Amino acid sequence: MTLEELNEYGIIKAHIEHCRDKVRELSSRTIRSPIFDTSGISSSPSSSNPTEEKYINTMMAKSRCEKQIAEDMEKIERIEKYISSIRDSRTRMIFEMHVYDNETFWKIAMKFGGRNTEDSVKRMFYRYLKHHPRG
């Protein structure tokens, strides 16, 4: 696991939601619109039927979004599996708070209390990442 992959977690989650919204929008276009008669529509539009072409383009866009969601979900699952495989509960909590909740190391140190500092929490994070690149 790389730092770049971990840092992308929030962006990937947001992208999945964006794609899901897009899929819902595209689905509603084909369901609610009376101009789309899906019976007998071939997979290759004829040049003389703009309604048919619009329907097929909508379905292709929906398919692309669904494929992107699947790819993003694989990345999310890989990151979550990496973090859940951390045996030390303190280190795992640091990763969860920093990656999932986007907490700064300073805030994590304050939540832990005691003699924890921003630097000590940061060192635990980076040390684990360096010594356990595959989990």
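**Close-up 1. Helix H5 is followed by Gly 113, whose phi is positive, near 70°.** Like every view here, this one comes from a predicted model. Look back along helix H5, which spans residues 105-112, and you will find its buried residues: Phe 105, Ile 108 and Ala 109. These residues sit on the same side of H5, because they cover an arc of only 100° around the axis. A rule of thumb helps here: an α-helix has 3.6 residues a turn, so residues three or four places apart point the same way. What covers the buried residues of H5 includes helices H4 and H6.

**Close-up 2. The charged end of Arg 90 sits over the ring of Phe 112.** Here you can spot a charge and a ring together: the charged end of Arg 90 is 4.7 Å from the centre of the Phe 112 ring.

**Close-up 3. Tyr 9 and Tyr 100 form a tilted aromatic pair, one of 8 aromatic pairs in the structure.** The two rings lie 5.0 Å apart, centre to centre, with 40° between their planes. Tyr 9 belongs to helix H2 (residues 9-32) and Tyr 100 to helix H4 (residues 89-100), so this pair ties together parts that are 91 residues apart in sequence. How does each partner count, as buried or partly exposed? Tyr 9 counts as buried, at 6% relative accessibility, whereas Tyr 100, at 30%, counts as partly exposed.

**Close-up 4. Phe 95 and Phe 125 form a stacked aromatic pair.** Their ring centres are 4.3 Å apart and their planes differ by 25°. Phe 95 lies in helix H4 and Phe 125 in helix H6 (residues 118-131), so the pair ties together parts that are 30 residues apart in sequence. Both Phe 95 and Phe 125 are buried. Widen the view a little and meet their companions: Phe 95 and Phe 125 form one aromatic cluster with Tyr 82, Phe 105, Tyr 126 and Tyr 128. You have already met Phe 105, among the buried residues of H5.

**Close-up 5. Cys 19 and Cys 65 are in no disulfide.** How far from the sulfur of Cys 19 is the nearest cysteine sulfur? That sulfur belongs to Cys 65 and is 5.0 Å away. A disulfide needs the two sulfur atoms within 2.5 Å, so this pair does not qualify. The count for the structure comes to 0 disulfides. Cys 19 counts as buried, at 5% relative accessibility, and Cys 65, at 13%, also counts as buried.

How values were computed. Residues are numbered from 1 along each chain as its sequence is written. This is a predicted model: local features need pLDDT of at least 70, side-chain atom pairs count only at pLDDT 80 or more; totals for chains, interfaces and linings use all residues. Side-chain values use heavy atoms; hydrogens and water are left out. Rings of Phe, Tyr and Trp (its six-membered ring) pair if their centres lie within 6.5 Å; planes under 30 degrees apart count as stacked, over 60 as edge-to-face and the rest as tilted. Helices (H or I, at least four residues) and strands (E, at least two) are DSSP runs, numbered from the N terminus. Buried means under 20% relative accessible area, exposed over 50%, partly exposed in between (1.4 Å probe, protein chains only). A charge sits over a ring if NZ of Lys or CZ of Arg is within 6 Å of the ring centre and within 35 degrees of the ring normal. The arc is that of the directions from the helix axis to the C-beta atoms. Contact means heavy atoms within 4.5 Å.
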